[in-house]
Amino acid sequence: MKNVRIRATDDEIAKSLQVHDGEPAKGKKRGRTRNAPKFDLRTQLFRMCGVDLTRIDGIDVTTALAVISETGADMSRFATAGHFASWLGLCPGTKITGGVAMSGKTKRVANRAAQALRLAAAALRSSQSALGAYFRRLCGRMDKPKAVTTAAHKLARLIYTMLTKGEVYTDQGQGHYEERYRERVLRQLAQRA
C-alpha cells in the first residue's frame, strides 16, 4: 500500500485558526531588538490567540511567536498545564528506585519553545515585577540553571492558562509578591513554634 499524504488547503487552514477581532491592550513600553519583525506582530498574535501573551513579564513578541509556532494556539491536546510543561521538558524528573529519589533532572528535549521560555526566564533577573522577584528568590535558593528552568516552567503554566481560559495576565508587582512571601514565612514560623 502506498503512503498518501493529504495536504490541507489554505482555506481549511484559515478556517481552523480562530480569528479574534480587536486590538490588544496597551502593553509595556519595550525597546526594539535587532531581530524584531518590522510589522505589528503583537496584533497578529492577539488575533490568532485571543489573548496578549506579551503582557507576561519576560515574554516579548519573538518569544510568544516561538511558543505559538511550536505548539499552536489550540491547547486541547494537553490535558493540564503540567502535561504542557512536561512536553516542553520543563518539569523535574522523577527517577525513583526503592522509594529513594535518585535524580530530579529534567528530560532533554529538542524544542524551540522550551529554549525560548528559558531565555525569557533568564531575562526576568532585572524585571521589577512579581515574576522577577520570584526568579531572584529562586536564584538565592538554588543554582542559576535550575532557577531558569523553574521560572520557565512557571511561564509555561501561565501561557497555558491564558490560552485555555482566555484570561488576561495582570502583574501584581514586586511589592505585592514580597509581602505575600513575608506573610507565608511568618505563618510557617508560627506553625513550627
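**Group meeting: a walk around helix H7**

Hi everyone, let's start with the aromatics: Phe78, Phe84, Trp87 and Tyr160 are linked into a cluster by ring pairs. Please keep in mind throughout that this is a predicted model. Three aromatic pairs are found in the structure. As a general reminder, a pair of aromatic rings is described by the distance of the centres and the angle of the planes.

One of those cluster members has a charged companion. Over the ring of tryptophan 87 sits the charged end of arginine 77, 5.3 Å from the ring centre. There is another case with a lysine: lysine 154 lies over the face of tyrosine 134, and here the distance to the ring centre is 4.4 Å.

Let me step back to the whole chain for a moment. Eight helices and two strands make up its elements. Reading from the N terminus, the order is α-α-α-α-β-β-α-α-α-α. The chain has 193 residues, and 32% of them count as buried. If you take contacts between residues at least 6 apart in sequence, 60% join residues at least 24 apart. The accessible surface of the chain is about 13,200 Å², with 52% of that belonging to carbon and sulfur atoms.

Now to helix H7, my main topic today. H7 has 22 residues and, from first C-alpha to last, reaches 31 Å, which is close to the 32 Å expected at 1.5 Å a residue. Just after H7 comes glycine 166, with a positive phi of about 70°.

Which residues of H7 are buried? They are Ala147, Val148, Thr149, Ala151, Ala152, His153, Leu155, Ala156, Ile159, Tyr160, Met162 and Leu163. You'll recognise Tyr160 from the aromatic cluster.

And what do these buried residues pack against? Their partners are helix H2 (41-49), helix H3 (61-71), helix H4 (81-88), helix H5 (112-122) and helix H6 (130-141).

Let me finish with a single residue, histidine 153, which is found in H7, residues 144-165. Why does histidine 153 count as buried? Its relative accessibility is 16%, and buried means under 20%, so histidine 153 falls on the buried side. Leaving aside residues up to four places away in sequence, histidine 153 touches Ala85, Leu90 and Cys91.

So the picture to take back to your bench has two parts: H7, with its buried residues packed against helices H2, H3, H4, H5 and H6, and the ring cluster that includes Tyr160. Thanks for listening!

Key
Residues numbered from 1 in each chain as written. Predicted model: local features only at pLDDT ≥ 70, side-chain atom pairs only at ≥ 80, totals over all residues. Heavy atoms only, no water. Helix = DSSP H or I, 4+ residues; strand = E, 2+ residues; numbered from the N terminus. Buried < 20%, exposed > 50% of the residue type's maximum accessible area, 1.4 Å probe, protein only. Contact = heavy atoms within 4.5 Å. Areas by Shrake-Rupley, 256 points an atom, 1.4 Å probe, with all protein chains shown as cover. Phe/Tyr/Trp six-rings, centres within 6.5 Å; stacked < 30°, edge-to-face > 60°. Lys NZ or Arg CZ within 6 Å of the ring centre and 35° of its normal. Expected span 1.5 Å × (residues − 1).
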